[in-house]
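User: Hello! I am new to reading protein models and would like a close look at one part of this one. Could you walk me through the sheet, and then show me what the helices around the chain do?

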Amino acid sequence: MDSVIPLAGVSPNDVIEPLRGDEEGGVANMDIDGNAAHNILELLDEEEDDELFNINVDQMDESDDELVYDDNGVENSYELKLDLKMKGYKPYQSQGRLSEDSKAILFWRDGENNFSDWKINVVTTKEEGGESITTTTTYHVNKVNIARGPNKSDYFVTLLESDSFSENHDGTITVNLPEEVAAQFPDFLDYIYSLHTESMSIINFQNWKSMMWLANYFQVSKLQKDVFDFIEEDMYNLDHVEDYLSEFKDIDEDDLANRILSKATLVCATMIMSIEPASSLLKSIPPRMFLTIMDVLGQRCSESDNFSSHHINCLVLEYLEHNIEDQSYF
């Protein structure tokens, strides 16, 4: 390495110029160390919650590759050796499909011919041409599936076990849902009805937001967990990380959101060689998260790791130029 850039107590210009390199456009080499990483944030006029992207790097154990959570599901340390992936790395992701056994028990799809004993009216309302247009879609369901199966809804359990709700006597419930959520209600029913070992395969990048909404509304705890498990696996597709950051980065005091953001930090560190300086993903990373990524890289990577300090320098330069408000430095 040609130079080590200490960031503490220096101006942005002191940092940017060594990163710019020579007049021919080369970028200087820089050792990324923990002290440097911890001071990058001093150059950014941002206030971030220190806990959101917290990774306890000092407690990382090179002998293990498991994520460690506390009793509330919050990630409190990463026990793994950081394995930087080469540019263009694409992890294998299983494309789940429902088996014929699962498809055979999706009784709700048969409509009124499925020996159903309950109906769910899903109502949506949208404004069109200055008028409110209401649409109702009726789903014929089976109580035993929605309230007793392994993917049961506690919302329906409470409703069906109580004599105080008129819906229980009428055999019909009406729910008002946002249009984009209602569009995924068939997937939600497929999840409820399918074999619990295969139901996660129904979740995908197109429906995860609506599935999470429905999981929270209808109190399906297994679906809540499966959505978060899906996000953690899907996050290695960098094209999707920006969407996840947008959804979770402004959520305060939410253990599951903190878990996702902590995972996103590790993924970005692992996939750093595939993050381009001009990418919208780099610009979308909050300062505290960027700081932690640099910290993780500095503390867990050695010269034997196959990564390019030139690429890291380009990312740091582009990130600082994008985030420092006083552009007169440049």
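Analyst: Happy to help; we will start with how far to trust the model, go through the sheet strand by strand, and end with two helix pairs.

Please keep in mind that this is a predicted model. The protein chain has an average pLDDT of 75, and 67% of its residues score at least 70. Some stretches score lower: residues 1-12 stay under 50, although the model gives them 27 contacts beyond four places in sequence. Residues 326-330 are also below 50 in pLDDT, with 9 contacts beyond near neighbours in sequence. Read both of those stretches with care.

Now to the sheet. It is an open sheet of 3 strands, and their order is β6-β5-β7. The pairing is mixed, and you can see what that word covers by taking the two pairs in turn. At the edges sit β6 (131-141) and β7 (172-176), each of which pairs on one side only. From one strand to the next, the twist averages 20°.

Take the pair of β5 and β6 to begin with. Strand β5, residues 118-128, pairs with β6 in the antiparallel sense, and 11 bridges link the two. You can pick out individual partners on your screen: V123 has T136 of β6 as its bridge partner, while K126 is matched with I133 of β6. β5 and β6 form a hairpin with 2 residues between the strands, and there G129 takes a positive phi near 60°.

On to the other pair. Here β5 and β7 run parallel, and 5 bridges join them. One partner to look for is I173 in β7, which bridges to I120. So the antiparallel pairing of β5 is with β6, and the parallel pairing is with β7; this is the mixed pairing mentioned above.

A helix also belongs in this picture. Helix α8, residues 185-193, lies across β5 and β6, and it runs at about 20° to β6.

Next, let us follow the chain to two pairs of helices. The first pair is α9 (residues 208-217) and α10 (residues 221-234), whose axes come within 9 Å and cross at roughly 155°. Because of that angle, α9 is roughly antiparallel to α10. The crossing in which α9 passes α10 is left-handed. On the α9 side, the contact is made by W208, M211, M212, A215 and N216, and on the α10 side by L223, Q224, V227, F228, F230 and I231. Sorted by class, this contact has 9 nonpolar residues, 2 polar ones and no charged ones.

The second pair is α11 (residues 238-248) and α12 (residues 255-270). Their axes come within 10 Å and cross at roughly 150°, so α11 and α12 are roughly antiparallel to each other. This crossing is left-handed. From α11 the contact takes L238, V241, L245 and F248, and from α12 it takes A257, I260, L261, A264, V267 and C268. By class, the contact of α11 with α12 has 10 nonpolar residues, no polar ones and no charged ones.

Terms used:
Residues numbered from 1 in each chain as written. Predicted model: local features only at pLDDT ≥ 70, side-chain atom pairs only at ≥ 80, totals over all residues. Heavy atoms only, no water. pLDDT = per-residue confidence, 0-100. Contact = heavy atoms within 4.5 Å. Axes fitted to C-alpha atoms, helices over the stretch in contact; angles between N-to-C directions. Helix = DSSP H or I, 4+ residues; strand = E, 2+ residues; numbered from the N terminus. Parallel < 35°, antiparallel > 145°, perpendicular 65-115°, else oblique. Left-handed = near helix turned anticlockwise from the far one by under 90°. Nonpolar A, V, L, I, M, F, W, Y, C, P; charged D, E, K, R; others polar. Pairing = 2+ DSSP bridges.
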